[in-house]
Amino acid sequence: MAAPSRLPLLQFCSTRVFLLRCTQGFHGEPVVREPAYPPVIPSRTAKSKSAKKRREEDYYNQVRAASLVQDKLRLLTRLQRKKYVVYPQTFTLNADRWYQHFTKTVFLPGLPGKCSVGRQVVDKENGKVPSAAGGVDPTVLDENTFSELRSLVGNGILQENFYLKKRRPFLQKEQEHFVAPFLSNLVSSVTSSLAKYNPLLKMSSLDFNPEVSFYWMRGERTVPRGHRRGRVDPIRFQINDQPHCQIRVPEQLEEFLPLQESVSAEVPVVHFEPNRLPMFQRQYDNNIFIGSKVTDPCSYGHTQFHLVHDRFKRGRLIKGNLADQVEVRLRANAIASLFAWTGAQAMYQGFWSHEDLTRPFVSQAVVTDGQYFSFFCYQLNTLALTVQTDQDNPRKNICWGTESMRLYEQVKDGEVVGLNDDVLKLLVNFLLNKPQKM
Amino acid sequence: MVIDLKCACLYLSRYPLYQLGNPQLRIFRTNFFMTLVKPGKEQPPDTVQFRIPMEMTKCDIKNYLEKIYSVPVGAVRTRIQYCTNKKRNHLNQRVKRPDYKVAYVQLVQQQTFQFPEIFPQKDTALEPGSVEEMQDQFMQDEQQRQKADPRRGGVTEWFGL
């Protein structure tokens, strides 16, 4: 029977080996390696608030990292949910206050200094008028051109109401029958005659019946019933607008007010849910569109022309005890349409609610029902309207607007009676608006 | 059309639909009534809520308020509230709670309307020194004594020292 060896093990792994092992690393410094742990971040898939936050953060980073604008827009509009559809021309009462709340817009009566009727019409002999404060270019519009414009406008009115023999239109188609062709005529003729004074108009694109749409989120609500009860959801809005015509330009217009300047007026706050307006929810494609696709060179807006529908004409409102709503509805139309247009322009340049604007976007609009014209200017200063991004955001969007003014009194015996020059001058001012460097 | 004395009830006969050529419909002394109610959910300040009979339409409401009460009306919206047919009585027969129509009327020119508080909250301030006040105080002290020690953090006192 072999006795187990009681010799210590260390005799065999002798000191020589021990020494050998020691000598190998003896001359250098002991290698100190920091323990490399992965970063401690919350899970992606757990059912916890931190996991939800992490998923949201990952989504925002994904949108920020998207290189192409089309990819960004696709990521932001991919998910479809129920959203409130905002109609710029609406039958609801006091819609302008609600729309101002949804778009964080301040309304200032009157027009900004640049566009007001300070531009004088002088003869060629007297020389140029000194430029007004605000950097308006000193283009002189001489009497001949102005009278030419007057005759163009007068002819346009007479063409539709006097020269052409037209059938009596069917119910609620008067605007389409009489006013829409006059407006197209007016816009195209005035734009082409003013093109020699405004080189921007030569490069512009005039669209008829374009589609303008915008999708945004503002505010939050707790879901009251259903399997998602108790969860907090943002309130989504969508505008699908069809102005009568619009002018798109390749260069951006100059801002009316600097971005950081604060306006004293307040944005009206409405504490009710949008469905009390009443506004209704639907779920369909989330569209963001300025009238042309992203790759179009004319990606900035200049002026939109809106035609008031038959349902919202002055006569009908006054008959229905809503005489004060006439101006309210024009304002609501302008605010909603211009916010959608400028917002879509900004998104085409890659800005969105978490990457706010670095420069303001400016557009103009003219709302008319054939006889009464009102002029509006809009400056978009911020797209950060969600609850998360709006907390420390002092910027507000600004809308300037006029009351409605008559272009002409009536058409009598082949003559336009009472053509108002101020309205024409304002229209000319609007169309001659261009960035200073041009 | 003046209401005939024979058929006094307006909505037993057919609703007087208008066709081109009919004489102007005139109704004197209506047979239907509107009830002003307090809104269940918060409404904007220019909205007034009514309960109306099922046969009334938006135009009827507008004319009713304008002609009889001289209240100019901006917009009217209506809806029908369906009430349950599920309840059963002691004979196990289904009992229908009647449906009703609700109208939301928006007033013109920024006028507002607030439904008044019919049952105002009374502040139950007991007189100091009265019997009720001493009883109330005693009950409160008793409840305070029955409560567990908050320092135990909800742990029961069945075990322990």
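Q: Where in chain B does V155(B) lie?
A: This is a predicted model, so take every value here as computed from it. Helix α2 of chain B covers 131–146. V155(B) comes in the segment after α2.

Q: Is V155(B) buried, partly exposed or exposed?
A: The cut-offs are what matter here: buried means under 20% relative accessible area, and exposed means over 50%. V155(B) has a relative accessible area of 40%. That value falls in between, so V155(B) counts as partly exposed.

Q: Which residues make the nonpolar surface patch of about 410 Å²?
A: To join a patch, a residue needs over 30% relative accessible area, and V155(B) has 40%. It shares the patch, about 410 Å² in area, with two aromatic residues. The full set is V155(B), W158(B) and F159(B).

Q: How many residues of strand β4 of chain B are buried?
A: Elsewhere in chain B, strand β4 runs over residues 100–107 and is mostly covered. Out of its 8 residues, the buried ones number 7.

Q: Which residue in β4(B) is the bridge partner of F50(B)?
A: Strand β2 of chain B takes in residues 47–52, so F50(B) belongs to it. β2(B) and β4(B) run antiparallel and are joined by 6 bridges. In β4(B), the partner of F50(B) is A103(B).

Q: How many bridges pair strand β3 of chain B with β4(B)?
A: Strand β3 of chain B spans residues 73–81, and it pairs with β4(B) in the antiparallel sense. One of the paired positions is V73(B), whose bridge partner in β4(B) is L107(B). The bridge count for β3(B) with β4(B) is 8.

Q: How many helices and strands does chain A have?
A: Over to chain A, which has 438 residues, 49% of them buried. Its accessible surface comes to about 23900 Å², with 53% of that belonging to carbon and sulfur atoms. As for elements, chain A has 11 helices and 14 strands.

Q: What share of the contacts in chain A with a separation of 6 or more comes from residues 24 or more positions apart?
A: Take the contacts in chain A between residues with a separation of 6 or more. Those linking residues 24 or more positions apart account for 77%.

Q: Which strands stand at the edges of the open sheet β4-β5-β1-β7 of chain A?
A: This sheet has 4 strands, in the order β4-β5-β1-β7, and the pairing is mixed. An edge strand has a single partner, so one of its sides is left without a neighbour in the sheet. In chain A, that applies to β4 and β7.

Q: Which residue in β5(A) is the bridge partner of Y84(A)?
A: Strands β1 (residues 83–86) and β5 (residues 232–241) of chain A pair in the parallel sense, over 3 bridges. Within that pairing, Y84(A) has its partner in β5(A), namely F237(A).

Q: What angle does the direction of helix α4 of chain A make with that of β4(A)?
A: Helix α4 (residues 95–103) of chain A packs on the sheet. There, α4(A) touches β1, β4 and β5 of chain A. Its direction, set against that of β4(A), makes an angle of about 85 degrees.

Q: Which residue in β7(A) is the bridge partner of K83(A)?
A: β1(A) also has β7(A) to pair with: the two run antiparallel and are joined by 2 bridges. K83(A) has its partner in β7(A), and that is R282(A).

Q: How far apart in space are R221(A) and R231(A), C-alpha to C-alpha?
A: R221(A) has its place in strand β4 (residues 212–222) of chain A. Among the residues in contact with R221(A) are R231(A), V232(A) and E273(A). R221(A) and R231(A) are 10 residues apart in sequence, and in space their C-alpha atoms are separated by 8.3 Å.

Q: Is K104(A) buried or exposed?
A: K104(A) has its place in the loop between α4 and β2 of chain A. Leaving aside sequence neighbours up to four places away, K104(A) touches several residues, including R218(A), V267(A), L385(A) and D390(A). Its relative accessibility is 8%, under the 20% limit, so K104(A) counts as buried.

Q: How far apart in space are S193(A) and H101(A), C-alpha to C-alpha?
A: S193(A) is found in helix α6 (residues 174–194) of chain A, and at 9% relative accessibility S193(A) counts as buried. Beyond its neighbours within four places in sequence, S193(A) is in contact with E148(A), L149(A) and L152(A). H101(A) is 92 residues away in sequence, and the C-alpha distance is 39 Å.

Conventions: Residues numbered from 1 in each chain as written. Chains lettered and ligands numbered in written order. Predicted model: local features only at pLDDT ≥ 70, side-chain atom pairs only at ≥ 80, totals over all residues. Heavy atoms only, no water. Contact = heavy atoms within 4.5 Å. Patch = residues over 30% accessible without salt bridge, like charges linked within 9 Å, V, L, I, M, F, W, Y side chains within 5 Å. Areas by Shrake-Rupley, 256 points an atom, 1.4 Å probe, with all protein chains shown as cover. Salt bridge = Lys/Arg side-chain N within 4 Å of Asp/Glu carboxyl O. Buried < 20%, exposed > 50% of the residue type's maximum accessible area, 1.4 Å probe, protein only. Pairing = 2+ DSSP bridges. Axes fitted to C-alpha atoms, helices over the stretch in contact; angles between N-to-C directions.
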